[in-house]
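Here is a short set of exercises to work through with the sequence and the model side by side. Try each task yourself before you read its solution.

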Amino acid sequence: MLRSLWTAATGMAAQQTNIDVISNNLSNVNTTAFKKSRAEFQDLLYQTIRPAGVTNNMGAQYPTPIEIGHGTRLAATTKSFAQGEIVQTNNTFDVVIQGDGFFQVQLPNGEMAYTRDGSLKMDGSGNLVTSDGYFIEPQVTIPSEATQIVIRENGEIMVGVSGNNELEMVGTLRLTRFANPAGLESIGKNLYRETEATGEPVEGTAGFDGYGTIGQGMLESSNVKVVEEMINLIASQRAYEINAKAITSSDEMLKLANDLKR
């Protein structure tokens, strides 16, 4: 019975973690380009009392084993990079990646980070930056005399100035892909950092070689589905309750066993 107490406790801990992950998904339902996560679990080691295939003293072979598991544990939290819905904003510097790829962002310490959040801004020097003021890489500077700004599907940024009918290219939004984007490390502020599991970042041009295209005046919304998360939340809550019930039942059985000596 003590084993059942610990086994059920692992179930409660696992469901608590599951609810933590679901809560994070729900709290970011309105976060631009947020990618939902899913908790994945594995069963723990088993105590094998009798292996399968053993022959008994009558010469018959047992077709199935007798083994008792010891609960569950968290194996991974996997992020889904499925495309979120595209929302039109009509803001000049709002851009969306339709397909694969990440924008490159230079952090203040010189490291490179990656994001799908295209809610770009222009700082006081005309540089394109994130909402936190981090430079988009390669860096793009918009001339102060620009009267028209067009961001093409391939990432080219064209500006027009008064008195000149021709648009002039001032920079390009480049995209980066990874062999295993699920290995990216989330560092907050809608940013990711490469790890050994992602493989080397591969830079390319939007719209070519499998990279997504870029749309201006639009943003990618979170890929969290509220109804789906609520169902997962209810299922996880019920699983937590049933594990708590298993602990209560085991405790009552242990109490009955202790009372036998009276």
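Buried means under 20% relative accessible area, exposed means over 50%, and partly exposed is in between, using a 1.4 Å probe and protein chains only. The model is a predicted one, in which local features need pLDDT of at least 70 and side-chain atom pairs count only at pLDDT 80 or more, while totals for chains, interfaces and linings use all residues. Residues are numbered from 1 along each chain as its sequence is written, and side-chain values use heavy atoms, with hydrogens and water left out.

**Exercise 1. Describe α1 and α2, and find what covers their buried residues.**

Step 1. Helices (H or I, at least four residues) and strands (E, at least two) are DSSP runs, numbered from the N terminus. The expected span of a helix is 1.5 Å times one less than its number of residues.

Step 2. With 26 residues, α1 reaches 38 Å from its first C-alpha to its last, close to the 38 Å expected. For α2, which has 34 residues, the reach is 49 Å, close to the 50 Å expected.

Step 3. Look for the buried residues of α1; among them are Ala8, Met12, Gln15, Ile19, Ile22 and Asn25. In α2, they are Glu229, Ser236, Asn243 and Ser250.

Step 4. The cover over the buried residues of α1 includes β1, β4 and α2. In turn, the buried residues of α2 pack against α1.

**Exercise 2. Locate the largest pocket and sort its lining.**

Step 1. On a 1 Å grid over the protein atoms alone, a pocket is an open set of points with protein on both sides within 12 Å along at least five of seven lines, where a cavity is a set in which a 1.4 Å probe fits but cannot get out; lining residues have an atom within 4 Å of a point. Grid points are joined across faces, edges and corners, and a volume is the space filled by probe spheres set on the points.

Step 2. The volume of the largest pocket is about 210 Å³. Of its 15 lining residues, Ser37, Arg38, Ala39, Glu229 and Asn232 are the closest to the centre.

Step 3. Two or more lining residues come from each of α1 (2-27), β1 (37-43), β4 (72-79) and α2 (226-259).

Step 4. Count Ala, Val, Leu, Ile, Met, Phe, Trp, Tyr, Cys and Pro as nonpolar, Asp, Glu, Lys and Arg as charged, and the others, Gly among them, as polar. The lining then divides into 4 nonpolar, 6 polar and 5 charged residues.

**Exercise 3. Compare the settings of Lys36 and Glu85: is each buried or exposed?**

Step 1. Lys36 sits in the loop between α1 and β1. Because its relative accessibility is 15%, Lys36 counts as buried.

Step 2. Contact means heavy atoms within 4.5 Å. Leaving aside neighbours within four places in sequence, the contacts of Lys36 include Asn25, Thr78, Glu228 and Glu229.

Step 3. Glu85 belongs to the loop between β4 and β5 (86-88). Its relative accessible area is 53%, so Glu85 is exposed.

Step 4. Not counting residues up to four places away in sequence, Glu85 touches Leu219, Glu220, Ser221, Ser222 and Lys225. Between the C-alpha atoms of Glu85 and Ala246, the separation is 42 Å.
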